[in-house]
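Subject: Structure handover

Hello,

Here is the structure I promised to pass on. Please open it alongside these notes.

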Amino acid sequence: MIAGLPHATELPDRVGVLVLGSGLAGCAALLAAAEAGQYAVMLEKTDEIGGSTVRSAGLSAYAGTDEQAAQGIADSVELLRKDLLETGKHRSDEALVDLYCDHQLDTYRWLKDHGVRYGEVHAASGQSVPRSHPTDTTGMLTGLLKAAGRLGARLVTGTAARRILREDGRVVGVEVDGPAGPHRIDADAVVVATGGFSRSPELLARFAPQLEHALHAGGPGCTGDGMLLAWQLGAGVVDTPYVKGTYGIYHRPHPGEDGTGILAVYKGAIAVNCEGRRFVDESLPYKEIGDAALAQPGVTTWQVFDAQVMAASNDEVPIYEFAGRERAGMLLRGETVAELEAAVGLPEGSLIATVEDYNRRIRDGEPDQLGRRALSSTVGDLLPLDRPPFYAHPSGTVVLATYCGLTVDTTMRVVDVLGEPIERLYAAGEVVGGFHGAGYMTGTSIGKAGIFGRIAGAAAAAEESGLTW
């Protein structure tokens, strides 16, 4: 456990706001509730904080920030909204998209006021301009928890919720696994921020059988607990048909893999299959590339790039940390394309022909055979792969997050299958459905965790107390 966190060793009997889960959504909710004057307690079922947040690339999607202005990036809330709806294929709940857009700058400033710092902004999946803001996720969560602790909030780890309790139509607390057995914690409101179900083979088999051959990652506690607990109360669940894997993970377990993979394709690489052929427009959202990769023979594919792409490596952003992969021995290398082809073990002449065709079309201004027109989404001019040495990263598809789940209104109250709010039950983060729709913009998972977590915590804190203190 990180030193200085507001850790409690005993379970409380009653709290104002009870938060389940310690990723960014939970930490933001806890701090917002504490800032509103409530006694707020967070329960984390594992022994470590962070969930999937600390296993992510640490990118947040904001528009109109100081960092963008310093880099000369012109962005707007209107463009952000347009990108979100288009990336989600207009299957998103527009009210939640608008909520994100309306509160994203306020939340960005709130986080910066609490010590969060962002680095160089990059373009990535679904963004028509660069808006991926990197940060140290562990440092961010630690700062928020310490700030909440100074306001009286507390954190209890190693404690799993067994059941959300409801009496007379409203949520009144949670039953948890305590050291001596079941323990009841009464609460004026409960915020579910438990993440998705990327670590649950049973739920993945139920909702996403197409990911049978994908690798599984995400937070170790992400087994769908919160979704199931709220589902038991009649909560609605949406977006399950759109669960997708993420492209770019190393194709097998490796000590150098931190769980995010790399996306050299967004800096100029091409993706090829075991036949040495390209199989996808590499500028597409990486979850769509992941789907295409899973359909390839043998599943494993390769991101192929040259020295020019390698020069764009950035150790601050895990998905662009190409040089770190080389140091870890995770890249294959050749001084020529032919040498790289042999190193990968592709059919003789296949990669050579693919790279030659790709380069020729760029040089002659011909349309790309798979429709690629930019490096990422609509950002960045295509680059020929012609500067040795050449590299290949064996790449698979991984389930890092599920991005579907509970239906909520614009105060983050959980809504049941008939469209009625479940009184005093709130949700935020990955466990919430409806926002992403059928596609995913890079940075919106961390982004919505902070934005929606803060909203949920403040709304939960505003509930009138029914407890005897």
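First, a term: a pocket is an open set of points, on a 1 Å grid over the protein atoms alone, with protein on both sides within 12 Å along at least five of seven lines. A cavity is a set of such grid points where a 1.4 Å probe fits but cannot get out. Lining residues have an atom within 4 Å of a point. Points are joined across faces, edges and corners, and a volume is the space filled by probe spheres set on them.

This is a predicted model: local features need pLDDT of at least 70, side-chain atom pairs count only at pLDDT 80 or more, and totals for chains, interfaces and linings use all residues. Residues are numbered from 1 along each chain as its sequence is written, and side-chain values use heavy atoms, with hydrogens and water left out.

**Pocket**

The second largest pocket has a volume of about 420 Å³. Its lining holds 18 residues, and E86, L284, P285, S377 and T378 lie nearest its centre. Helix α3 (residues 77–87) gives the most to this lining, with five residues. Helices here are DSSP runs (H or I, at least four residues), and strands are too (E, at least two), numbered from the N terminus. By class, the pocket lining has four nonpolar, seven polar and seven charged residues. Ala, Val, Leu, Ile, Met, Phe, Trp, Tyr, Cys and Pro count as nonpolar, Asp, Glu, Lys and Arg as charged, and the others, Gly among them, as polar.

**Cavities**

The whole structure has two cavities of 30 Å³ or more. The largest has a volume of about 70 Å³. Its lining includes Y242, K287, H436 and Y440. That lining divides into five nonpolar, four polar and two charged residues. The second largest cavity holds about 50 Å³. Among its lining residues are L84, F435, H436 and Y440. No charged residues line this second cavity; four are nonpolar and six polar.

**Helix packing**

Helix α4 (residues 94–113) packs on helix α13 (residues 444–461) at about 85°, with axes 9 Å apart. Axes are lines fitted to C-alpha atoms over the stretch in contact, and angles run from 0 to 180 degrees between N-to-C directions. That makes α4 roughly perpendicular (65 to 115 degrees) to α13. The contact (heavy atoms within 4.5 Å) includes L96, Y100 and W110 of α4, and F452 and R454 of α13.

**One loop residue**

Q38 lies in the loop between α1 (24–35) and β2 (40–44). Q38 is buried (under 20% relative accessible area, 1.4 Å probe, protein chains only), at 15%.

Best wishes

Notes
Angles under 35 degrees count as roughly parallel, over 145 as roughly antiparallel, 65 to 115 as roughly perpendicular and the rest as oblique. Buried means under 20% relative accessible area, exposed over 50%, partly exposed in between (1.4 Å probe, protein chains only).
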